[in-house]
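Trainee: Could you take me closely through one part of this model, namely how its helices pack against each other? I would like the contacts spelled out together with the criteria behind them.

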Amino acid sequence: MKHWSKMKEVSGNGFALRLFFFIYNILHLQYIFILLRPVAFFYYCFSPAKRAVSAAFFKRIAHYNPAVKPSAQTVYRHFYSFSLSLVERIAAWKQDIKVSDLIIKNRETYQEIITGLKEKKGCFFLCSHLGNIDLLRALAIQDNKDGVHTTKVNIIIDTAMSPRFNSFMRSIQEKFDINLINSRSIGIETALLLEEKLSNGEIVVIAGDRTPAEQSQRVVPVPFLGDPIALPYGAFLLPVILKAPLYYFFALREHDAFTSKYDFFLYRSSAMTEKKKKDEMIRALMHEYVELLEKKVLEYPLQWYNFFDIWASAKAFADKKNLTANG
């Protein structure tokens, strides 16, 4: 299978996005499900590679969660759930989804973050492909009682991926004040820039479960749902060297419906407080992150939106002898 960075943009072309947005404005959030089910079925029928990845994923999940049935119906529901997440991104930018739709599960940690941001103390977030991270980007611009909507957000991402969708989102939301930092060009200068942003009370976000596009980049194997996956060393190195408060977070839909609330989980890393050498701390972070991710994936399997075989990718890295010492 191709590496994810070589795949076509899953969100579609610019015309299709704008057409979908036009239809969204007519049907609105409550009724767009009329269109969404046939759209999801279309992608289900004409995306055999992603369908195969999804089916293999649910077979893996079934070993740990007997309630999950690895069937064609489950795979279709997976595609439908992903389609829902794309609509949620548009709805959030249009502020049809509010901060009040988030059910904060870790209120104490949430308040800790809010207090720090009000005091202009930046923080680092490690996210994943579970749930809808883009929903939170949009919610960050909304006025709310906590009064931190002016906090700037810096997303470390492969900017070569989904350029049409990112451009489209900018065009429909004038308040789009997200600084995108290309993950392929991170170096000393980037670290210095991020240090400055954190000292100014800004937020830095990076996905911890994205396999690097270049196989020359350093990765570490960590067990996830039975087999190792290759985690990007750099994603966990940054919070260690920047020494900023580190949090993990997930925004997860309670039900596959537009009227659903969203479970909002926040966890502060405990591994960051341990007195260890740099590499030891990075590996401790990776294991902490994966253990939490695995727990949430088993609880919300339909919201795992990584349609790429991350276990096969780890084997490819191992074959090229690019994996570091055992994690």
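Mentor: What follows looks at two helix pairs in turn, and then at an aromatic pair that involves one of these helices.

This is a predicted model, in which local features need pLDDT of at least 70 and side-chain atom pairs count only at pLDDT 80 or more, whereas totals for chains, interfaces and linings use all residues. Residues are numbered from 1 along each chain as its sequence is written, and side-chain values use heavy atoms, with hydrogens and water left out.

Two packed helices are described by the angle between their axes and the distance between the axes. Here axes are lines fitted to C-alpha atoms, for helices over the stretch in contact, with angles running from 0 to 180 degrees between N-to-C directions; helices are DSSP runs of H or I with at least four residues, and strands are runs of E with at least two, numbered from the N terminus.

Helix α2 (residues 33–45) packs with α4 at an angle of about 125 degrees, their axes lying 9 Å apart. The two are therefore oblique to each other, given that angles under 35 degrees count as roughly parallel, over 145 as roughly antiparallel, 65 to 115 as roughly perpendicular and the rest as oblique. α2 passes α4 in a right-handed crossing, meaning that the near helix is turned clockwise from the far one by less than a right angle, anticlockwise being left-handed. With contact taken as heavy atoms within 4.5 Å, the α2 side contributes Phe33, Leu36, Arg37, Ala40, Phe41, Tyr43 and Tyr44, which meet Ala72, Val75, Tyr76, Phe79, Tyr80, Ser83, Leu84 and Val87 in α4. By class, this contact has 13 nonpolar, one polar and one charged residues, where Ala, Val, Leu, Ile, Met, Phe, Trp, Tyr, Cys and Pro count as nonpolar, Asp, Glu, Lys and Arg as charged, and the others, Gly among them, as polar.

For helix α8 (residues 188–199) and helix α9 (residues 233–242), the axes come within 11 Å and cross at roughly 55 degrees. These helices are therefore oblique to each other, and α8 passes α9 in a right-handed crossing. Ala191, Leu194, Glu195 and Leu198 in α8 meet Leu238, Ile241 and Leu242 in α9, a contact with six nonpolar, no polar and one charged residues.

Returning to α4, the whole structure holds 20 aromatic pairs, rings of Phe, Tyr and Trp (its six-membered ring) being paired if their centres lie within 6.5 Å, with planes under 30 degrees apart counted as stacked, over 60 as edge-to-face and the rest as tilted. The ring centres of phenylalanine 82 and phenylalanine 307 are 5.5 Å apart and their planes stand at 70 degrees, so this pair is edge-to-face. The pair links distant parts of the chain, 225 residues apart, with phenylalanine 82 in helix α4 (residues 72–93) and phenylalanine 307 in the loop between α10 (278–299) and α11 (310–319).
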